[in-house]
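This report introduces a protein chain to a reader who has not met it before. Please keep the sequence and the model in view while reading.

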Amino acid sequence: MKQHIRTLLYTGLISASLGLVSCEDYLDRDVESTVSSEDAFNTFEHFQGFTEELYYCLPDQAHCYWQTSFNWGEDEIISFGKDYFMGYKVDLGDFWGWQAAFDGWGCGWMDGNNVSSTSTDRMQKRFWPLAWYGIRKANIGLANLDKLVDATSEQRNLIAGQLYFFRGWFHFMMMQYFGGMPYIDSVPSSTEPLRNPRLSYQECADKAAEDFRMAADLLPINWDDTDTGRPTYGNNQQRINKIMALSYLGKNYLWAGSPLMNYSTQGSRTYNAEYCQKAAEAFAELLELVESGQTQYALVDFDHYSDVFYTYKLNAMNPGSTEAIFQSPMYDWWMGSGWCLGPQFFGSNQHGATNDCLFSPTANYVNYYGMANGLPLDDPDSGFNPEYPWRDRDPRFYHDIIYDGLQVIQSVSKFTEEQTNAQIQYANLYTGGNYRHDSNESRTGYLLRKFTPLEVNYYDEGIRDYGDALTIQVSWMRLADVYLMYAEAAANGYGSANGSAPGFSMTALDAFNRIRQRAGAGDMASKYSSTLDGFNSELRRERAVELSYEGLRFNDLRRWLLLTEYPYTIKTSQEFDRVELNTEDPTQSHVANWREEVILTRNFQEKHYWLPLKTDEVNIYPEFYQNPGW
């Protein structure tokens, strides 16, 4: 496993720093007032120093504060009363909470006041202000490409490719939350009135696609294989490359073809086959390179699956292994360590969380983890037995979820007599168990372990080494997501699970099963793959499992037009009595009175499919209007 770079090569050469701006300031700022000379652009080293700042505009949704919230679907529920988290506000329908003006604790990753594009402070990386700043900076760079005279053609391509990618990425990220936006592809003059109109979603997607396509055509697969990247050989993993550009080209097209985006533009609540076909072609171009061994990327074998999400006692090495395609920089060397991470990662107070709140996996979401044979729990042929609910489950269930009876603490030497009697080394998650509580324990009967090894707790002392012990990273894009997006695009672009991009032998079903097979779970049953509706149902469930708690579910539910639909509006707990705990093999433990109870119902309306824009910014000019209902 290679260590990803944490500090990029040319940060010491950043020139013509523009200072941070709001959306309004961005749209009305004179380039000559901030970039004064050609020195910033005449050599590759100088121009790359200018470009490098764009990497430091990337937010880190998982680490932007001591505690942060980034899973806003039906996947988790936060301890009662913790209303300063965005996830809590989403449950109440308060989507204004993404804005700093409505977030008194400043723990949201999308907006903030004390923001910097040059700082390495993770808490100064918030999306909205940095996106506008990044778009402007990319445009300034593209407008000055002709000044790059002291460079090879390879170096010119590397600069241009990075700029096109970042311009496309910042626009795409805004589009998926807010809908069609103004697509800013030039540097506005301060003497011209602000009149950049909001485009339709698909119009924006077409423009983003042009940028991603340009980036893919200009950039190498791996900077290590270029003359320019050779001086930093082995430390180029986070530099923008062809695979990153192709992955977002495909995602951009798939989102444009998804029901929500197609409805907002074309008035149809179905997939747009043309956009899905474009997405499938982009993903196929990428996967052909991966499958033929021409890239540095590959699915991690399941024995090393955890390497995708965390590293432990590896000198703070970035997680991701060969599967992470696109990540934020690790701004602070210690930010992924056990002592500075909050309850969105740790299982419980005994398991490591040090405060009075917890993010519990909801029972309705854990139900997506089906059986080892690949069938969903509610399939009559699945073999699921509610008296032995932990038996023969999808292997990812055991990797991701703490369930009743699992031994989460190995050492009992520090236990008090009360703790010894309570046997807190076992996750007592049955109804009434001491791992169940509304504040600092599970509200649902489950706990999360996807991002932390079990020994990371105060009794086994797994976090005593701080930064050198545990490092967590949530990627913006990883290869498993690409396979599943290709499966979705190919099936809905060509009308069946056997659909495939022209010239590419992998079908939608093949790509889907590739992820199942990696996990050791059964392939999709023919009863589901034989119809497009059945395939999509299993595809949605597979995305829920494979990409769980990685910040993707909220946008998936939105683009599928399912956010307002039952059962995606409820959050439930798992209630049961423990009959017999099998300490040798907790998967064989016996329970009784198995039932689910609704904890919360989210009363969403159609307006909740898009986040509200800032009121002061939509008042700048009429063409930049507020989203309906807000």
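The text below turns from the chain as a whole to individual residues.

The model is predicted. Its chain has 630 residues, of which 65% count as buried. The secondary structure consists of 18 helices and 10 strands. The accessible surface of the chain amounts to about 21700 Å², and carbon and sulfur atoms account for 45% of that area. Where contacts link residues at least 6 apart in sequence, 72% of them join residues at least 24 apart.

One surface feature concerns charge. A patch of negative charge is formed on the surface by Asp185, Glu203, Asp206 and Glu210. Of these residues, Glu210 belongs to helix α6, which covers residues 201–218.

A second site is Gly234, placed in the loop between α6 and α7, the latter being residues 242–257. The C-alpha atom of Gly234 is separated by 10.0 Å from that of Asn222, and these two residues are 12 residues apart along the chain.

Is each of the two residues tabulated here buried or exposed?

| Residue | Relative accessible area | Class |
|---|---|---|
| Glu210 | 54% | exposed |
| Gly234 | 19% | buried |

The classes follow from two cut-offs: a residue is buried under 20% relative accessible area and exposed over 50%. Glu210 is therefore exposed, because its relative accessible area is 54%. Gly234 counts as buried because its relative accessibility is 19%.

Technical notes
Residues numbered from 1 in each chain as written. Predicted model: local features only at pLDDT ≥ 70, side-chain atom pairs only at ≥ 80, totals over all residues. Heavy atoms only, no water. Patch = residues over 30% accessible without salt bridge, like charges linked within 9 Å, V, L, I, M, F, W, Y side chains within 5 Å. Areas by Shrake-Rupley, 256 points an atom, 1.4 Å probe, with all protein chains shown as cover. Salt bridge = Lys/Arg side-chain N within 4 Å of Asp/Glu carboxyl O. Lys, Arg positive; Asp, Glu negative; His and termini not counted. Charge placed at Lys NZ, Arg CZ, Asp CG, Glu CD. Helix = DSSP H or I, 4+ residues; strand = E, 2+ residues; numbered from the N terminus. Buried < 20%, exposed > 50% of the residue type's maximum accessible area, 1.4 Å probe, protein only. Contact = heavy atoms within 4.5 Å.
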